[in-house]
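Q: Please take a close look at the part of this model around the second ligand, and follow it outward into the strands behind it. I would like one connected account, with the residues named.

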Amino acid sequence: MHETLEPVYDQVVGRNPGEVEFHQAVREVLDSVGRVIGKHPEYARAKIIERICEPERQITFRVAWQDDHGEVHINRGFRIEFNSALGPYKGGLRFHPSVYQGIVKFLGFEQVFKNALTGLPIGGGKGGSDFDPKGRSDREIMAFCQSFMTELYRHLGEYTDVPAGDIGVGSREIGYLFGQYKRITNRYESGVLTGKAEAFGGSHIRTEATGYGAAFFVREMLAARGESFDGKRVIVSGSGNVAIYTMEKVQELGGLVVACSDSDGYVVDESGIDVALVKQLKEIERGRLAEYPSRRPSGKHIAQRQVWEVPCDVAMPSATQNEITGKEAQLLVRNGCIAVGEGANMPTTPEGIGVFREAGVAFAPGKAANAGGVATSALEMQQNASRDSWSREFTEQRLEQIMVGIHARCYATAEEYGVPGDYTVGANIAGFIQVADAMLALGLV
Ligand SMILES: NC(=O)C1=CN([C@@H]2O[C@H](COP(=O)(O)OP(=O)(O)OC[C@H]3O[C@@H](n4cnc5c(N)ncnc54)[C@H](O)[C@@H]3O)[C@@H](O)[C@H]2O)C=CC1
Ligand SMILES: O=C(O)CCC(=O)C(=O)O
């Protein structure tokens with residue numbers, strides 16, 4: 001890290017004790033932007049880096065709700081409104097028992113740079129709760145969402161803060177959240193949430209966007225090395241929203257997806273993962289991957305092991321943070337992996353990234369590779385603002401153009417700063433400069 005940034009990092013650690021994921025995300029960005037500091041003394045004078053690491057607003061609240069047996073539960077809700085220099089705070093909500101301030105803050109911080117990379121007018125934020133949706137009935141999910149929104153609504157607005165989904169939050173939850181927002185405010189404010197169902201203001205392709213976008217980004221990254229998905233063995237972690245649509249698009253682009261996972265283990269299917277079956281198991285039955293082989297005998301379920309042990313050419317981590325440490329990265333490299341595209345947010349630890357860098361593996365960081373989701377959310381906001389609804393084909397074309405553009409921008413920035421092919425540095429610097437310039441222009445606020 002640039003020597004002038006060490007004290008900034010120490011201050012972040014001191015002011016946010018115990019929030020290790022947030023520290024990790026900040027360190028990665030500061031490691032990259034040290035290259036910018038010498039060229040732009042105006043950023044240091046205006047303390048842009050110190051300001052960019054401090055959320056504009058942090059909201060924590062109680063969420064009380066009742067289960068189907070009448071028992072009362074208390075969860076904690078969060079919204080980190082990180083940076084609004086480029087537009088309203090924009091970023092998803094995560095419902096998972098592991099959620100605490102440090103996770104929401106790291107996600108909000110990453111979101112600021114990711115959203116800048118899309119080139120669209122959106123600031124960065126993130127939220128969620130330690131609520132565990134696993135095994136809950138529809139009515140319980142609705143009760144939780146209504147209670148969550150009953151507090152959060154006062155902080156939201158299409159020009160203020162616009163949440164969407166993330167782990168544990170999909171179009172069902174967004175529907176319940178929107179319904180409660182509309183009821184409390186008596187406003188049909190379509191653009192206040194994205195990821196809505198197409199029946200009431202949702203955009204075509206938003207469901208698919210993060211996964212499709214990640215596949216487009218990796219296609220571009222492979223092309224930059226004279227490679228393609230054609231005939232490549234691909235493994236994907238997770239089997240949720242991002243994983244499913246990553247697999248779907250990779251297969252369309254000629255890759256052979258041979259494995260995917262959930263928190264109980266993984267499925268390997270040498271004839272190619274049946275994505276329609278994974279959708280049925282996960283999106284409709286809300287069940288487990290362990291049931292896959294009983295419906296498709298070419299598949300084998302390996303319990304309590306990690307998908308990274310399956311040999312592949314391309315790995316696309318699409319479940320959660322820190323799932324590839326140095327150890328898993330070494331295993332992937334040993335087994336011949338040549339490219340990694342992060343569908344999840346921060347799934348690779350700094351040690352893992354180091355292993356890939358050393359081995360010359362093409363590596364697409366989440367804040368670039370998974371930006372298609374939030375970019376399509378911004379397209380949803382555009383459609384809502386103009387009371388319009390675009391076709392599926394047109395929306396997917398826009399998504400593809402945006403991903404090609406993000407790839408080109410990260411690639412060119414890495415070259416400009418003397419680290420050709422390093423998309424981590426390219427993404428961090430390109431996103432940072434855009435936000436920093438806007439912050440300078442907006443004055444000391
Ligand atoms: N939904 C979206 O549009 C976007 C999501 N992301 C990121 O993609 C990742 C996946 O999100 P979604 O697919 O939306 O969520 P999801 O809830 O649809 O699926 C999550 C998947 O990850 C697995 N998983 C979650 N926590 C885990 C843990 N602690 N250990 C092992 N497996 C775990 C689950 O079993 C599930 O298969 C997250 O990192 C999220 O932040 C990034 C950009 C946009
Ligand atoms: O679509 C959005 O607003 C949020 C997507 C998101 O949470 C993410 O990019 O991590």
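A: **Around the second ligand**

Val 374 is found in helix H15. The model is a predicted one, and everything below should be read with that in mind. With 27 other C-beta atoms within 10 Å, Val 374 is above the cut-off of 20 and therefore counts as buried. Leaving aside residues up to four places away in sequence, Val 374 touches Lys 90, Gly 91, Lys 114, Asn 115, Thr 118 and Ile 122. A residue that lies far off gives some scale: His 73 is 301 residues from Val 374 in sequence, and the two C-alpha atoms are 31 Å apart.

Val 374 is also one of the residues that come nearest to ligand 2, together with Gly 92, Ala 164, Asp 166 and Ser 377. In total, 13 residues surround this ligand. Three elements each give two or more residues to that shell: strand E3 (89-95), helix H5 (101-117) and helix H15 (371-385). By class, the shell around ligand 2 has eight polar, three charged and two nonpolar residues.

Of these elements, strand E3 leads further into the model. Seven of the seven residues of E3 are buried. E3 pairs with two strands described here. With strand E5 (residues 161-165) the sense is parallel, over five bridges. Lys 90, a contact of Val 374, has Val 162 as its bridge partner in E5. With E4, E3 also runs parallel, and three bridges join the two. Leu 93 has its bridge partner in Gly 127 of E4, and Phe 95 stands opposite Ser 129 of E4.

E4 is covered as well, with six of its six residues buried. Gly 124, Lys 126 and Gly 128 point one way from this strand, while Gly 125, Gly 127 and Ser 129 point the other way. Side chains in a regular strand alternate between the two faces of the sheet, which is why neighbouring positions point in opposite directions. In E4 both sets are buried. E4 has a further partner in strand E2 (residues 72-83), to which it pairs in the antiparallel sense over six bridges. One of the pairs of bridge partners here is Glu 81 with Gly 125 of E4.

Lys 126 deserves separate mention. It lies in strand E4 (residues 124-129), and the UniProt record, an unreviewed entry, places the feature "active site" at Lys 126. That annotation may be inferred rather than shown by experiment. Lys 126 has 30 C-beta neighbours inside 10 Å and so counts as buried. Beyond residues up to four places away in sequence, Lys 126 touches Ile 80, Gly 91, Gly 92, Val 104, Leu 107, Gly 108 and Gln 111. Two links back to the ligand site follow from this list. Gly 92 is among the residues that come nearest to ligand 2 and is a contact of Lys 126. Gly 91 is touched by Lys 126 and by Val 374.

The other ligand has its own surroundings. Around ligand 1 there are 22 residues, with Gly 240, Val 242, Ala 319, Ala 344 and Gly 373 the closest. Helix H9 (residues 241-252) gives the largest share of this shell, three residues. By class, the residues around ligand 1 are 15 polar, five nonpolar and two charged.

Earlier in the chain than H15 comes helix H13 (residues 350-359), where Gly 352, Ile 353, Val 355 and Phe 356 are buried. Viewed down the axis of H13, these buried residues fall within an arc of 155°, so they line one face of the helix. Their cover includes helix H12 (326-334), strand E11 (339-341), strand E12 (362-364) and helix H17 (423-442). Just after H13, Gly 360 takes a positive phi of about 75°.

How values were computed: Residues are numbered from 1 along each chain as its sequence is written. Chains are lettered from A and ligands numbered from 1 in the order in which they are written. This is a predicted model: local features need pLDDT of at least 70, side-chain atom pairs count only at pLDDT 80 or more; totals for chains, interfaces and linings use all residues. A residue is near a molecule or strand if its C-beta atom, placed from the backbone, lies within 6 Å of it. Helices (H or I, at least four residues) and strands (E, at least two) are DSSP runs, numbered from the N terminus. Ala, Val, Leu, Ile, Met, Phe, Trp, Tyr, Cys and Pro count as nonpolar, Asp, Glu, Lys and Arg as charged, and the others, Gly among them, as polar. A residue is buried if 20 or more other C-beta atoms lie within 10 Å of its own, exposed if 12 or fewer, and partly exposed in between; C-beta atoms are placed from the backbone. The arc is that of the directions from the helix axis to the C-beta atoms. Two residues are in contact if their C-beta atoms, placed from the backbone, lie within 7 Å. Two strands pair if DSSP finds at least two bridges between them.
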